[in-house]
Each structure stands twice: as C-alpha cells, then as structure tokens.
2 protein chains.
Amino acid sequence: MPQTYSDERLTSYCFEELELGMQAEYRRPVTEVDVAQFADVSGDINPLHLDPDFAARTMFGEKIVHGMYGAGMISAVIGTRLPGPGCVYLGQSLRFVAPVHIGDEVVASVLLVELFPEKHRARLETQCHVGEILVITGEALVLVPTGAELETISATG
Amino acid sequence: MPQTYSDERLTSYCFEELELGMQAEYRRPVTEVDVAQFADVSGDINPLHLDPDFAARTMFGEKIVHGMYGAGMISAVIGTRLPGPGCVYLGQSLRFVAPVHIGDEVVASVLLVELFPEKHRARLETQCHVGEILVITGEALVLVPTGAELETISATG
C-alpha cells in the first residue's frame with residue numbers, strides 16, 4: 001500500500017513497494033507565460049526563448065522552450081509521483097533531442113528500470129515527448145526511503 | 001572579438017573564438033519566493049521544497065531548494081554567457097551531491113574542457129557551489145555556431 005502524504009496530488013512509494021516496470025507521468029501545455037517565468041526564476045534569459053526576432057534568425061525559426069524546463073517536469077514526476085515525496089534525487093542525465101515549441105503539451109514520463117536493494121536506490125528512464133516526438137531522453141538515480149523511514153517522514157500532526 | 005547580442009547582459013561566442021579553459025559563472029541567492037515560483041512553473045510541488053513540517057521530518061531537517069533549480073542556473077550560464085545565445089544545448093549530466101538551503105547564494109560555473117571542431121561542439125564541466133561546498137557537478141554538450149552563422153543570428157534590424 002503506497003504511503004500517501006496528506007496532499008492528494010502527491011503519491012509516495014517506499015523502496016519495498018517499488019517494482020521494475022512501474023511508471024508515472026506529468027503533462028502540461030507550456031505557455032509563453034511559463035517560459036517567461038522560467039527565464040525569470042532561473043536567470044536563463046537567452047533570447048532564443050524570449051525574443052521572436054532573434055529566434056526567427058536561428059535554425060529553430062521561432063521561440064522555443066528552455067530545454068531545462070522539460071527537466072523540471074521530470075523532476076516533478078520524480079518528486080511528486082514516482083517514487084514521490086521522501087525520495088532523494090541523486091542524479092539525472094539529459095539529452096535534448098528535439099525542440100519544444102511554445103504551446104506544445106509536454107508529457108514527462110519515468111519508468112523504473114533497475115533497483116539496488118543494498119543501497120535503496122532506483123534507476124529510472126526519463127523522457128519527455130510532444131505527441132509522438134521524443135524531445136528529451138535520459139535517466140535518473142534516486143535514493144528511496146524504506147517503509148519505516150517513509151512512515152516517519154509522512155507522519156502528520 | 002565576441003559577437004555581442006544587443007542586450008548587454010548577454011555574451012555570445014562563435015565556435016572559432018572558443019578556447020579550452022574559458023569559464024563563466026552566474027550567481028544568485030535563492031529565496032523562498034524563487035523556490036515557490038520554480039515549483040509553480042515546473043509542477044514540482046514536492047513538500048520537501050515547500051512544507052517546513054514535512055521537510056523537518058526528512059534527513060535534511062528543513063526545506064531545501066529543488067536540485068533542478070541549480071540545473072536551471074547552469075542553463076543560464078550556457079545560454080547567456082558561455083557560449084551564449086546562438087548555441088544549442090545538446091545534453092547535460094547532473095549529480096546532486098549536497099543540498100541547497102533557502103537563502104544560500106548558488107554559484108553556477110562552466111569550464112570549457114573539450115572542443116570537437118568537425119562538429120562545432122563543445123564540452124563543458126558544469127558545477128554549482130554554495131561557498132566552498134560543491135552541490136551539483138556534471139557536464140554539458142553544446143553545438144556552437146560558426147562566426148558566419150552567429151553573425152546572421154545576431155544581426156539586428
């Protein structure tokens with residue numbers, strides 16, 4: 001039975017509950033406002049993402065979404081759904097293989113592919129798609145709490 | 001001579017200008033507002049970053065900044081300073097080796113370590129520090145425009 005933190009948008013799994021093949025996703029359309037907000041919070045004011053005239057002169061022809069925006073969505077899946085709150089993000093690799101355009105719906109997905117019982121770690125394949133197009137691929141490594149640890153972390157009151 | 005896009009906060013280098021050992025950085029203190037904004041824009045509402053009671057029960061003892069926040073700052077260095085606007089982000093690896101606490105000043109830095117002249121690519125070591133503490137380490141791969149390409153991209157009017 002998954003431990004559920006009090007916020008219903010969140011699901012936490014302890015290490016003992018994890019099985020190869022488990023998957024989760026998070027999808028959202030990325031708006032112009034999202035991109036401006038990401039630029040503001042990260043400091044990445046590259047005009048490729050903000051200035052239509054600059055972007056028009058690049059190989060992309062129009063403004064594109066920050067690659068690291070999709071990475072943030074992968075972090076969202078890991079931090080809120082699988083394994084969810086309580087896990088510790090140890091590493092992430094990212095290959096940005098196709099651009100994301102403003103207005104695209106991005107689907108960030110994770111698939112559990114390896115478990116390391118001695119260290120309570122899990123490896124996940126991580127991808128972002130826009131429709132059928134793979135836009136980011138890579139993998140994540142996370143440290144996952146045991147059931148006893150997660151019970152302590154999730155305790156309310 | 002570096003091509004400079006009209007915005008003075010930005011510096012672009014073409015591939016021919018790059019030399020091993022070049023480096024750049026971006027520093028900012030990360031506030032509670034930044035973390036809330038990052039959670040909002042990425043969808044990563046993991047309570048470890050937002051809920052002091054939850055965070056107090058974890059191994060960290062208090063709220064910490066999203067790991068991917070630092071990754072956004074690395075993207076900022078690459079997208080605005082070295083190589084800067086005009087480059088294409090191909091990949092990034094990240095190891096999250098220590099937590100960032102709210103209020104910490106994060107310094108994201110990149111160091112040019114390898115050039116691939118046949119493909120106009122560059123490999124950069126990427127790190128984030130808080131004071132002397134290394135918090136994120138990894139590397140980036142970017143595609144860098146030639147001087148002629150950058151001139152076209154940077155042309156104003």
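Visitor: Why is Glu32(A) called partly exposed?

Guide: This is a predicted model, and in it Glu32(A) has a relative accessibility of 49%. Exposed would take over 50% and buried under 20%, so at 49% Glu32(A) counts as partly exposed.

Visitor: And what makes Lys63(A) buried?

Guide: Its relative accessible area is 14%. The cut-off for buried is under 20%, so Lys63(A) counts as buried.

Visitor: How do you know that Glu32(A) and Lys63(A) meet in a salt bridge?

Guide: Look at the side chains: N to O is 2.4 Å for Glu32(A) and Lys63(A). The rule asks for a Lys or Arg nitrogen within 4 Å of an Asp or Glu carboxyl oxygen, so this pair passes. Glu32(A) sits in helix α1 (residues 32-42) of chain A, while Lys63(A) is in the loop between α3 (52-56) and α4 (67-80), so the pair ties together parts that are 31 residues apart in sequence.

Visitor: What makes the pair of Asp34(A) and Arg28(A) a salt bridge?

Guide: The same check applies: N to O comes to 3.3 Å for Asp34(A) and Arg28(A), and the limit is 4 Å. Both partners are on the buried side of the cut-off, Asp34(A) at 8% and Arg28(A) at 14%.

Visitor: Which pair links distant parts of chain B?

Guide: Try Glu139(B) and Arg123(B), whose closest N and O atoms are 2.9 Å apart, making a salt bridge. Glu139(B) belongs to strand β5 (residues 133-143) and Arg123(B) to strand β4 (residues 121-130), with their positions 16 residues apart in the chain.

Visitor: Is Arg123(B) buried or partly exposed?

Guide: Partly exposed: Arg123(B) has 22% relative accessibility, and buried needs under 20%. Glu139(B), at 34%, is partly exposed too.

Visitor: What joins Glu25(A), Arg27(A) and Glu105(A) into one network?

Guide: Salt bridges that share partners do that for Glu25(A), Arg27(A) and Glu105(A). Over all chains, the rule gives twelve salt bridges.

Visitor: How many salt bridges does the rule find across the interface of chain A and chain B?

Guide: Zero. Polar contacts are another story, with 18 residue pairs between chain A and chain B.

Visitor: Which elements of chain A give two or more residues to the side that touches chain B?

Guide: Those are β1 (23-29), α1, α4, β2 (88-96) and α5 (147-154) of chain A. That side divides into 23 nonpolar, 15 polar and eight charged residues.

Visitor: What area is buried between chain A and chain B?

Guide: About 4,000 Å², with carbon and sulfur atoms giving 61%. Val41(A), Arg57(A) and Met68(A) supply 16% of what chain A buries against chain B, more than any other three residues. As for contacts, 46 residues of chain A touch 46 of chain B.

Visitor: What joins β2(A) to strand β2 of chain B?

Guide: Five bridges join these antiparallel strands. Two bridges would be enough for strands to pair, so β2(A) and β2(B) count as paired. Within them, Gln92(A) stands opposite Leu94(B).

Visitor: Where do the buried residues of α1(A) pack?

Guide: Against β1, α2 (47-50) and α4 of chain A, together with β1 (23-29), α1 (32-42) and α4 (67-80) of chain B. Among those buried residues are Phe38(A) and Val41(A). Just after α1(A), Gly43(A) takes a positive phi of about 85 degrees.

Conventions. Residues numbered from 1 in each chain as written. Chains lettered and ligands numbered in written order. Predicted model: local features only at pLDDT ≥ 70, side-chain atom pairs only at ≥ 80, totals over all residues. Heavy atoms only, no water. Buried < 20%, exposed > 50% of the residue type's maximum accessible area, 1.4 Å probe, protein only. Helix = DSSP H or I, 4+ residues; strand = E, 2+ residues; numbered from the N terminus. Contact = heavy atoms within 4.5 Å. Buried area = accessible area lost by both parts, 1.4 Å probe. Polar contact = N/O pair within 3.5 Å; in protein donor to acceptor, adjacent residues only side chain to side chain. Nonpolar A, V, L, I, M, F, W, Y, C, P; charged D, E, K, R; others polar.
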